[in-house]
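Student: Before I rely on words such as "buried" or "salt bridge", I would like to see how each one is justified. Could we go through them together, with the structure in view?

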Amino acid sequence: MFSVNGESGLPGHGNVAEPGQPPAFYVLGPLDVCSDGRRLGIAGKPATLLALLLLHANAWVSTDQIVTALWGDAAPTSANGNVKTYIWQLRRELPLAHDGTPRVEGRRGGYRIRVAPGELDAARFVNLSQELPRMSTDSAIRVLSTALDSWRGRPYPELPPNMSEVAIA
């Protein structure tokens with residue numbers, strides 16, 4: 001499903017969803033999204049919004065949190081409308097969830113992104129690190145090396161430092 005040997009994938013990391021495979025979200029460094037073997041071009045405010053939703057994958061994020069992440073204390077009067085536009089852009093660009101429904105969901109006062117197991121590199125890293133104590137030394141070294149190879153820089157760099165520090169901790 002994912003190449004971890006660096007022989008295929010995007011520049012800067014060897015992990016990429018191959019054609020026909022589930023999408024992959026990369027946040028352990030600059031945000032990358034791969035789906036059906038191609039890299040999606042999500043940038044600017046939509047990328048910041050996506051990074052925030054991925055930081056809280058499968059959980060609801062309030063519109064207030066989103067506005068703070070996007071503009072800090074300098075939110076324009078059009079902030080809520082702009083958030084809706086960015087959500088629309090993400091829904092248009094991102095593939096459907098594994099059950100065929102929209103990946104980004106909204107409800108009064110917030111949004112969430114649905115991410116299945118194995119789709120988010122940060123979650124894969126945590127899962128791999130939790131398995132280490134139950135492994136032989138040789139297996140643990142191999143798995144840890146693979147897990148560390150998934151890091152491409154500061155996690156969630158699209159987010160303001162006070163928000164991304166939560167992810168690092």
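The conversation below sets values from this predicted model against the cut-offs that give each term its meaning.

Student: To begin with the whole chain, what elements does the chain contain, and in what order do they run?

Tutor: The chain has six helices and six strands, and from the N terminus on they run β-β-β-α-β-α-α-β-β-α-α-α. The chain has 169 residues, of which 42% count as buried, and about 8,900 Å² is exposed, with carbon and sulfur atoms supplying 53% of that area.

Student: Why is the contact between D32 and R39 called a salt bridge?

Tutor: The term requires a side-chain nitrogen of Lys or Arg within 4 Å of a carboxyl oxygen of Asp or Glu. For D32 and R39 the N to O distance is 2.7 Å, and because the limit is 4 Å, the pair qualifies as a salt bridge.

Student: Are the two partners, D32 and R39, buried or exposed?

Tutor: D32 has a relative accessibility of 4%, and because buried means under 20%, D32 counts as buried. R39 has 45%, which lies between the 20% and 50% limits, so R39 counts as partly exposed.

Student: How do you know that R134 is exposed, and what does R134 pair with?

Tutor: The relative accessible area of R134 is 61%, and since exposed means over 50%, R134 is exposed. The side chain of R134 meets that of E131 in a salt bridge, at 3.0 Å from N to O, while E131, at 35% relative accessibility, counts as partly exposed.

Student: What links R112 to E105?

Tutor: R112 and E105 form a salt bridge, with the closest N and O atoms 2.5 Å apart. E105 also stands opposite R112 in β6, and R112, at 22% relative accessibility, counts as partly exposed. These two residues belong to a network of salt bridges that links D99, E105, R112 and R114; a search of the whole structure finds seven salt bridges.

Student: What makes β5 and β6 a pair of strands?

Tutor: Pairing requires at least two bridges between the strands. Four bridges join β5 to β6 (residues 110-113), so the requirement of at least two is met, and the two strands run antiparallel. One of the bridge partnerships is that of G106 with Y111 in β6. Two residues lie between the strands of this hairpin, and G109 in the turn has a positive phi of about 90°.

Student: Which are the edge strands of the sheet?

Tutor: The open sheet has three strands in the order β4-β6-β5, with antiparallel pairing. The edge strands are β4 (61-62) and β5 (104-107), each of which pairs on one side only.

Student: How do you know that the buried residues of α2 line one face of the helix?

Tutor: In helix α2 (residues 63-71) the buried residues are T63, I66, V67, A69, L70 and W71. Seen down the axis of α2, these buried residues fall within an arc of 165°, so they line one face of the helix. Just after α2, G72 takes a positive phi of about 60°.

Student: Which residues of α4 are buried, and what covers them?

Tutor: The buried residues of α4 (residues 121-131) are D121, A122, R124 and F125. Seen down the axis of α4, they fall within an arc of 160°, so they line one face of the helix. What covers the buried residues of α4 includes β1 (24-26) and α5.

Student: Why can W151 be part of a nonpolar surface patch?

Tutor: A patch residue must have over 30% relative accessible area and no salt bridge. W151 is partly exposed at 34%, so its area satisfies the cut-off of over 30%. Together with L144 and L148, W151 makes a nonpolar surface patch of about 260 Å², and W151 itself lies in the loop between α5 (137-149) and α6 (161-168).

Student: Finally, why is P161 called exposed?

Tutor: P161, which lies in helix α6, has a relative accessibility of 52%, and because exposed means over 50%, P161 counts as exposed. P161 and A69 are 92 residues apart in sequence and 9.8 Å apart in space, C-alpha to C-alpha.

Notes
Residues are numbered from 1 along each chain as its sequence is written. This is a predicted model: local features need pLDDT of at least 70, side-chain atom pairs count only at pLDDT 80 or more; totals for chains, interfaces and linings use all residues. Side-chain values use heavy atoms; hydrogens and water are left out. Buried means under 20% relative accessible area, exposed over 50%, partly exposed in between (1.4 Å probe, protein chains only). Patches are made of residues with over 30% relative accessible area and no salt bridge: like charges are joined within 9 Å, nonpolar side chains (Val, Leu, Ile, Met, Phe, Trp, Tyr) within 5 Å. Accessible areas come from the Shrake-Rupley method with a 1.4 Å probe; for residues, only the protein chains shown count as cover. The arc is that of the directions from the helix axis to the C-beta atoms. Contact means heavy atoms within 4.5 Å.
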